[in-house]
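Work through the exercises below with the coordinates open. Each task is followed by a solution in steps.

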There are 2 protein chains.
Amino acid sequence: MTARKPRPTRKRIDAGARRAQILQVAGDMFAKDGIDATSMRRIAAKAGVTAALLYKHFADKDALLTAISEGFFVTLAGYMEKAIEGVNDPVARLKAQMRAYVTCGIDNPRAYHLAFMTALPRLRRGAEMKAFRERRRRGEPIAEVEMTLGMKCFGRLEQAVADVVEAKLTRSKDVATLSEVVWAGGHGLVSLVITHDDFGFSPTGKLVDQSIELMLHGLLRP
Amino acid sequence: MTARKPRPTRKRIDAGARRAQILQVAGDMFAKDGIDATSMRRIAAKAGVTAALLYKHFADKDALLTAISEGFFVTLAGYMEKAIEGVNDPVARLKAQMRAYVTCGIDNPRAYHLAFMTALPRLRRGAEMKAFRERRRRGEPIAEVEMTLGMKCFGRLEQAVADVVEAKLTRSKDVATLSEVVWAGGHGLVSLVITHDDFGFSPTGKLVDQSIELMLHGLLRP
DNA sequence: TCTACAAGTGAACAGTGTCAACTTATTGCG
DNA sequence: CGCAATAAGTTGACACTGTTCACTTGTAGA
């Protein structure tokens with residue numbers, strides 16, 4: 001006469017902890033197996049839980065992916081912050097920021113793809129982002145707390161560009177556009193390298209060096 | 001006593017025509033609704049055919065997408081070819097190639113995403129591509145026929161860079177790396193603009209102009 | 001006219017994201 | 001202590017996906 005129900009053994013844990021656990025499992029699975037292999041059911045199974053439960057913590061799969069993506073922004077901000085510690089020359093700082101961005105992307109290809117090469121509906125906070133850029137353009141100070149993680153990262157790059165412009169070292173003074181161009185340069189490099197790894201690119205180090213070199217020569221006035 | 005089977009009305013057409021028709025339908029649907037909404041069943045329905053039939057013409061969905069993607073390479077090659085008609089100055093030619101690349105990408109965002117921002121298994125002909133680049137590096141001539149469509153497009157860009165290098169106008173002489181850097185610049189621009197259309201970028205025209213300007217200043221020696 | 005083959009179909013399989021209705025465990029309260 | 005409220009979790013389904021295999025049907029040539 002053992003119990004009919006075969007020991008459900010469900011461990012209930014507090015919502016916050018479960019959310020964190022799910023995110024952890026999902027993040028690992030995503031980084032290892034890619035987006036397609038990371039299904040709600042597989043995540044749930046690995047977390048020792050039912051798929052339906054995931055929906056108590058994340059509105060849908062996009063929301064879960066967005067959360068993973070935001071984790072990456074934290075990582076990226078870390079790379080960029082560390083890169084300029086103790087560096088004072090504006091040009092050196094800009095170089096360091098670019099290098100940090102590219103390195104972080106190449107180090108975390110899956111997450112980079114998710115964060116920057118996928119149009120996650122939830123990540124697109126159009127109006128917010130535009131407003132942020134408007135205010136920056138007008139030179140308004142913006143509190144850290146107000147910023148999206150993505151904004152913080154781009155903001156870092158933009159600030160580095162602004163510093164170089166302010167030091168009167170550049171050909172153009174259009175900080176906004178210049179920042180976008182610099183971003184595009186770095187982003188292009190990362191995204192090509194991580195998605196066409198069979199193209200036979202020059203060694204990554206050389207590629208990154210030459211790219212940063214070229215962009216700065218283009219940016220700075222002779 | 002009408003026929004029991006309700007008039008199958010199956011129109012049989014020749015395999016080649018059917019393949020072309022499917023490709024057409026799939027291409028249109030993909031360009032309009034994106035990759036997720038373009039399911040095998042929806043394609044089949046719109047083509048007036050069963051999903052199973054698609055597999056007589058394409059090994060799997062990837063193969064179908066690859067075919068669409070290759071159609072885009074034809075378009076891109078067209079843009080690039082047209083752009084340099086009658087242009088003789090090497091610097092002007094390089095500029096024209098870059099602009100054509102970027103314009104084509106922005107004009108066909110979905111196809112661009114598929115061709116350059118998605119790792120389609122079938123598109124990755126690693127060894128082939130590497131060999132092609134090796135031979136180019138050694139200056140061997142390569143017959144048009146031998147080339148993949150993708151190779152042709154990159155080859156065009158590389159050739160334009162090579163011409164500028166040969167005219168002794170550049171800082172560096174490393175054609176291979178330089179070409180990759182130039183490609184990355186253009187690619188970064190396109191891919192950012194088409195995937196983060198809510199970021200509040202500077203007007204595209206301005207962005208493209210400044211980007212090309214900057215890259216060329218970086219490339220050319222003073 | 002019969003046959004061989006190409007063109008096309010039907011039905012199923014295993015997997016997906018998602019949700020409504022249900023059950024179970026835990027916690028605070030009288 | 002016992003009971004109710006609520007948080008945590010599950011069941012089972014729905015409509016969809018890519019894909020395959022056995023089957024039928026139309027058509028061209030002998």
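A residue is near a molecule or strand if one of its heavy atoms lies within 4 Å of it. The model is predicted: local features need pLDDT of at least 70 and side-chain atom pairs count only at pLDDT 80 or more, while totals for chains, interfaces and linings use all residues. Residues are numbered from 1 along each chain as its sequence is written, chains are lettered from A and ligands numbered from 1 in the order in which they are written, and side-chain values use heavy atoms, with hydrogens and water left out.

**Exercise 1. Describe the protein surface near DNA strand C.**

Step 1. Take the atoms of DNA strand C within 4 Å of the protein: 55% belong to sugar or phosphate, and the rest to bases.

Step 2. List the residues. There are 23 around DNA strand C, and those that come nearest are Arg41(A), Tyr55(A), Lys61(A), Arg12(B) and Arg18(B).

Step 3. Sort them by class (Ala, Val, Leu, Ile, Met, Phe, Trp, Tyr, Cys and Pro are nonpolar; Asp, Glu, Lys and Arg are charged; the others, Gly among them, are polar). The surface near DNA strand C has 13 charged, eight nonpolar and two polar residues.

Step 4. Assign secondary structure (helices are DSSP runs of H or I of at least four residues, strands runs of E of at least two, numbered from the N terminus). At least two residues each come from α2 (40–46) and α3 (51–57) of chain A and from α1 (15–37) and α3 (51–57) of chain B. The largest share, three residues, is that of α3(B).

Step 5. Look for polar contacts (pairs of N or O atoms within 3.5 Å; within protein, one must be able to donate a hydrogen and the other to accept it, and residues adjacent in sequence count only if both atoms are side-chain atoms). Phosphate oxygens of DNA strand C lie 2.9 Å from a polar side-chain atom of Ser39(A) and 2.6 Å from a side-chain N or O atom of Arg18(B). At a base nitrogen of DNA strand C, the partner is a polar side-chain atom of Arg41(B), at 3.1 Å.

**Exercise 2. Repeat the analysis for DNA strand D.**

Step 1. Of the 23 residues around DNA strand D, the nearest are Arg12(A), Thr50(A), Arg12(B), Arg41(B) and Lys61(B). Sugar and phosphate make up 54% of the DNA strand D atoms that come within 4 Å of the protein.

Step 2. The surface near DNA strand D divides into 13 charged, eight nonpolar and two polar residues. Here α1 and α3 of chain A and α2 (40–47) and α3 of chain B supply at least two residues each, and α3(A) has the largest share, three residues.

Step 3. Arg41(B) places a polar side-chain atom 2.5 Å from a base nitrogen of DNA strand D. On the phosphate side, a side-chain N or O atom of Arg18(A) is 2.9 Å from a phosphate oxygen of this strand, and a backbone N or O atom of Lys61(B) is 2.8 Å from one.

**Exercise 3. Which residues form the two domains of chain A, and how do the domains meet?**

Step 1. With bounds from an automatic or database domain assignment, domain 1 covers 15–58 and domain 2 covers 64–219. Their C-alpha centres are 29 Å apart. The contact (heavy atoms within 4.5 Å) takes 13 residues from domain 1 and seven from domain 2.

Step 2. Compute the buried area (accessible area, 1.4 Å probe, that two parts lose on being put together, summed over both). The two domains bury about 790 Å² between them, 85% of it on carbon and sulfur atoms.

Step 3. Count the salt bridges (a side-chain nitrogen of Lys or Arg within 4 Å of a carboxyl oxygen of Asp or Glu). The rule finds zero between the domains of chain A; two residue pairs are in polar contact, both at pLDDT 80 or more.

Step 4. On the domain 1 side, α1(A) gives the most, 10 residues.

**Exercise 4. Characterise the interface of chain A and chain B.**

Step 1. The contact joins 45 residues of chain A to 45 residues of chain B. The buried area is about 4000 Å², with 62% from carbon and sulfur atoms. Asp198(A), Phe199(A) and Leu214(A) lose the most area in chain A, together 17% of what that side buries.

Step 2. There are two salt bridges between the chains. One of them pairs Asp174(A) with Lys206(B), with the closest N and O atoms 3.0 Å apart.

Step 3. Residue pairs in polar contact number 14. Of the helices on the chain A side, α9(A) brings the largest share, 13 residues. That side has 19 nonpolar, 15 polar and 11 charged residues.
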